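Hi,

Here is the structure I promised to pass on. Have a look at it first, and then read my notes underneath.

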Amino acid sequence: MITPYLMFNRECDEAFKMYQKAFDGEVVSMQKYGDLPPNPEFPVSDSEKDLVLHAQLKLTESGFIYGSDSNRDLPEGAKVSISVELDSEDRALKAWEVLKEGGSVYMDLQPTFFAKLHGSVQDKYGVTWMFTVS
């Protein structure tokens, strides 16, 4: 599955409320950084606990957008990523190796509490890709 993933600088909740109103959409899920299990390698400050970790909004019968608040400052034009959900670790690793060559890794492709593998990379052309293997 390939889905637009919108990245925000601390305004994801506000933006998704506006998109929900605009399209009479349905918030399917919204997790906050404060919902994360405690992890000393990824501390969450009190000022970040209400930020959106992951949100899913149904805009039309079959159209969804996803979004979150970034942990890095995003310049204008860098707020849209392509989210690729794959069912095979091998397919994800192959694509990851190709796209990271000459690019920048934002988050290593690794196991997480919500997926077998998850990571984010910007390719050499400036396109940001988010990989998830469920």
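Below is what I found, starting with the pocket and then going through the strands, the rings and a few single residues.

One thing before you start: this is a predicted model, and everything that follows is computed from it.

**The pocket**

The largest pocket has a volume of about 1,000 Å³. It is lined by 36 residues, and those closest to its centre are L53, M107, T112, F114 and H118, so start there if you want to find it on screen. Several strands contribute to the lining: β1 (2-8), β3 (52-58), β4 (64-69), β5 (80-86), β6 (104-110), β7 (117-122) and β8 (128-133) each give two or more residues. As for the chemistry of the lining, 17 of its residues are nonpolar, 15 are polar and four are charged.

**Strand β4 and its partners**

Next, take a look at β4. Five of its six residues are buried, so the strand is largely enclosed by the rest of the structure. β4 pairs with β1 in the parallel sense, over four bridges. With β3, β4 runs antiparallel, and four bridges join these two strands as well. The connection from β3 to β4 is a hairpin of five residues.

G67 is a handy place to see both pairings. In β4, G67 stands opposite L6, and A55 also stands opposite G67.

**Rings**

How many aromatic pairs does the structure hold? There are six. One of them is Y5 with Y66, which is stacked, with 6.2 Å from centre to centre and 5° between the planes. This pair links distant parts of the chain, since Y5 sits in strand β1 and Y66 in strand β4, 61 residues apart. Both tyrosines, Y5 and Y66, are buried.

F8 and F16 make another pair. Their ring centres are 6.2 Å apart and their planes stand at 85°, so this one counts as edge-to-face, for which the planes have to be over 60 degrees apart. F8 is buried, and F16 is buried too. Ring pairs also bring in Y19, giving a cluster of F8, F16 and Y19.

**Two serines in β5**

S81 and S83 are worth clicking on together. S81 is in strand β5, and S83 is in strand β5 too. Is S81 buried or exposed? It has a relative accessible area of 3%, and since buried means under 20%, S81 is buried. S83 has a relative accessible area of 13%, so by that cut-off S83 is buried as well.

Now for what they touch, leaving aside residues up to four places away in sequence. S81 touches T3, P4, Y5, M7, T128 and M130. S83 is in contact with M1, I2, T3, Y5 and M130. Y5, from the stacked pair above, is on the list for S81 and on the list for S83. On the general point of which way side chains face, they alternate between the two faces of the sheet in a regular strand.

**Loop residues**

Finally, three residues in loops. R10 is in the loop between β1 and α1 (12-23), and its phi is near 70°, a positive value in a residue other than glycine. D24, in the loop between α1 and β2 (26-32), has a positive phi too, about 50°, although D24 is not a glycine. Where does D24 stand for accessibility, buried or exposed? Its relative accessible area is 72%, and the cut-off for exposed is over 50%, so D24 is exposed.

E11 is in the loop between β1 and α1. Its relative accessibility is 27%, which lies between the cut-offs for buried and exposed, so E11 counts as partly exposed. Which residues is E11 in contact with, leaving aside its neighbours within four places in sequence? They are D69 and K79. F114, one of the residues closest to the centre of the largest pocket, is 103 residues from E11 along the chain, and the C-alpha atoms of E11 and F114 are separated by 23 Å.

That's the lot from me. Shout if anything is hard to find on screen.

Cheers

How values were computed. Residues numbered from 1 in each chain as written. Predicted model: local features only at pLDDT ≥ 70, side-chain atom pairs only at ≥ 80, totals over all residues. Heavy atoms only, no water. 1 Å grid on protein atoms, 1.4 Å probe; cavity = no way out; pocket = protein on both sides within 12 Å on 5 of 7 lines; lining within 4 Å. Points joined across faces, edges and corners; volume = space filled by probe spheres on them. Nonpolar A, V, L, I, M, F, W, Y, C, P; charged D, E, K, R; others polar. Phe/Tyr/Trp six-rings, centres within 6.5 Å; stacked < 30°, edge-to-face > 60°. Buried < 20%, exposed > 50% of the residue type's maximum accessible area, 1.4 Å probe, protein only. Contact = heavy atoms within 4.5 Å. Pairing = 2+ DSSP bridges.
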